[in-house]
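Work through these exercises with the sequence and the 3D view side by side. Try each task before reading its solution.

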Amino acid sequence: MGLVRQADAPLRGLNTFGIDARARLLWRLESLDDLPQLCEVLRDDAGKGHPQPPLILGGGSNLLIADDPQQPIVQMALRGLRIAQDDGNTVIVEAAAGEAWDPLVRWTLSQGLAGLENLALIPGTVGAAPIQNIGAYGVELRNHFESLDTVNLEDGTFRSFDATDCAFGYRDSVFKRADAAGRLVTAVRLRLSRVADLKLDYGEIRTELAESHITAPTPTDVADAVSRIRRRKLPDPAVIGNAGSFFKNPQIDAGQATALAAREPGLPCWPSGDQVKVSAAWMIERCGFKGMRVGDAGVHARHALVLVNHGHARGNEILALASRIRDAVATRFGIRLEAEPMVVGAPQL
Ligand code: EPU
């Protein structure tokens, strides 16, 4: 326990892309008691002229390290899970930011709590989940979000955020903006229910359940089905480096979507508020990138939205491939793709 310091720290095992970068300085935070000391060492580091704010590392699953980070890294390792409030049907679960996401999902299900089943098997930590409002199979974190706690690493002050403060959007929140930089999420509270309200409308879930002959699914059945779908489609970072979807699905005006769909038959589109979401994977595949490999940087053969590291790709090689993809999609479809992972050591794509 305590605050663990490491200079010239290898990062390969700390990012799911498996990029072999090194950190000038890494601090591992295992206890809230060490926060004052962490703030102090970061102030010292800033005083020596090193770039700030620190990079906060959870599971490293939504990160592309293009070059060795010069800012200090804070590795979030706070642990703890508890039921914070229970009124019979609705239960608030509180999880420390360093807990891994999927084990949290499974723990809530083992407690008879429904809500997170569609979000099973998403890599990463609890603290990272609200930063990009993780989502899958028709559910987003914000659907079950209650509140979270943060500390400002510059001055050590605490602040809680409710859902409105977090300003959640599609793979987006206030924590992606510059004014929230240096704010460390320490704990997240989720609102779950003892009464399941299953969301089965994302087509593949029903098919998967039917294939297993499950007609009256439990939340755990849904989590198992989602996990099987994910294992089939998405590469396991333990086997081949990746950060899940590399691009967001673009949201465009309904008129533009209609014109595009007429020109590009088969383009998958879904309503999204007063806009339309179009499939980035489909467009990337149509541009011929699916399964492509340039050195050790590549596009996964089973899902065109997932960029992969076949072994020893540098972060900037993956970034170069991502730029090629973005340019090709812009030329053919007139749509600019936005990267989902945070890029470190180079401008955000
Ligand atoms: N598609 C292709 N080619 C492919 C893959 C998919 O044309 O190589 C088409 C499919 O036919 C389908 C459509 O694209 O019609 C959508 O595919 P999929 O269901 O796999 O979902 P996605 O839009 O590619 C999003 C999320 C995933 C999430 C799934 C399921 C984003 C950026 N990605 O992917 O999230 O798991 O839906 O809900 O919104 C992540 O964010 O890292 C992530 C994996």
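The model is predicted. Begin with one strand and its partners.

**Exercise 1. Find the strands that pair with β12, and state the sense of pairing.**

Solution.
- Step 1. Locate β10, residues 145-152. This strand pairs with β12 in the antiparallel sense, over seven bridges.
- Step 2. Fix the register with one residue pair: Thr150 stands opposite Val185 in β12.
- Step 3. Turn to β7, residues 90-96. β7 and β12 also pair in the antiparallel sense, over seven bridges.
- Step 4. Fix this register too: Ile92 stands opposite Arg191 in β12.

**Exercise 2. Decide whether β12 is mostly covered or mostly open.**

Solution.
- Step 1. Mark the strand at residues 183-193, a run of 11 residues.
- Step 2. Apply the cut-off: buried means under 20% relative accessible area.
- Step 3. Count: eight of the 11 residues are buried. β12 is mostly covered.

**Exercise 3. Describe the shell around the ligand and say where the ligand lies.**

Solution.
- Step 1. Count the shell: 26 residues surround the ligand. The closest are Tyr137, Tyr170, Asn249, Glu285 and His303.
- Step 2. Sort the shell by type: 12 residues are nonpolar, six are polar and eight are charged.
- Step 3. Trace the elements. β8 (135-136), α5 (219-233), β13 (241-245) and α7 (280-286) each supply at least two shell residues. The largest share, three residues, comes from α7.
- Step 4. Check the domains. Domain 2 (81-233) and domain 3 (241-344) both give residues to the shell, so the ligand lies between them.

**Exercise 4. Find polar atoms of the protein that lie close to oxygen atoms of the ligand, then say what share of the ligand's area the protein covers.**

Solution.
- Step 1. Look at Lys233: a polar side-chain atom lies 2.8 Å from a ligand oxygen atom.
- Step 2. Look at Arg230: here the distance from a polar side-chain atom to a ligand oxygen atom is 3.4 Å.
- Step 3. Look at Ser245: a polar backbone atom is 2.9 Å from an oxygen atom of the ligand.
- Step 4. Now take the cover. On its own, the ligand has 820 Å² of accessible area, and the protein covers 82% of that.

**Exercise 5. Is Ala257 buried or exposed?**

Solution.
- Step 1. Place the residue: Ala257 lies in helix α6, residues 254-263.
- Step 2. Read the accessibility: Ala257 has a relative accessibility of 5%, so this residue counts as buried.
- Step 3. Relate Ala257 to Arg336: the two are 79 residues apart in sequence and 14 Å apart in space, C-alpha to C-alpha.

Technical notes. Residues numbered from 1 in each chain as written. Predicted model: local features only at pLDDT ≥ 70, side-chain atom pairs only at ≥ 80, totals over all residues. Heavy atoms only, no water. Buried < 20%, exposed > 50% of the residue type's maximum accessible area, 1.4 Å probe, protein only. Helix = DSSP H or I, 4+ residues; strand = E, 2+ residues; numbered from the N terminus. Pairing = 2+ DSSP bridges. Near = heavy atom within 4 Å. Polar contact = N/O pair within 3.5 Å; in protein donor to acceptor, adjacent residues only side chain to side chain. Areas by Shrake-Rupley, 256 points an atom, 1.4 Å probe, with all protein chains shown as cover. Nonpolar A, V, L, I, M, F, W, Y, C, P; charged D, E, K, R; others polar. Domains from an automatic or database assignment.
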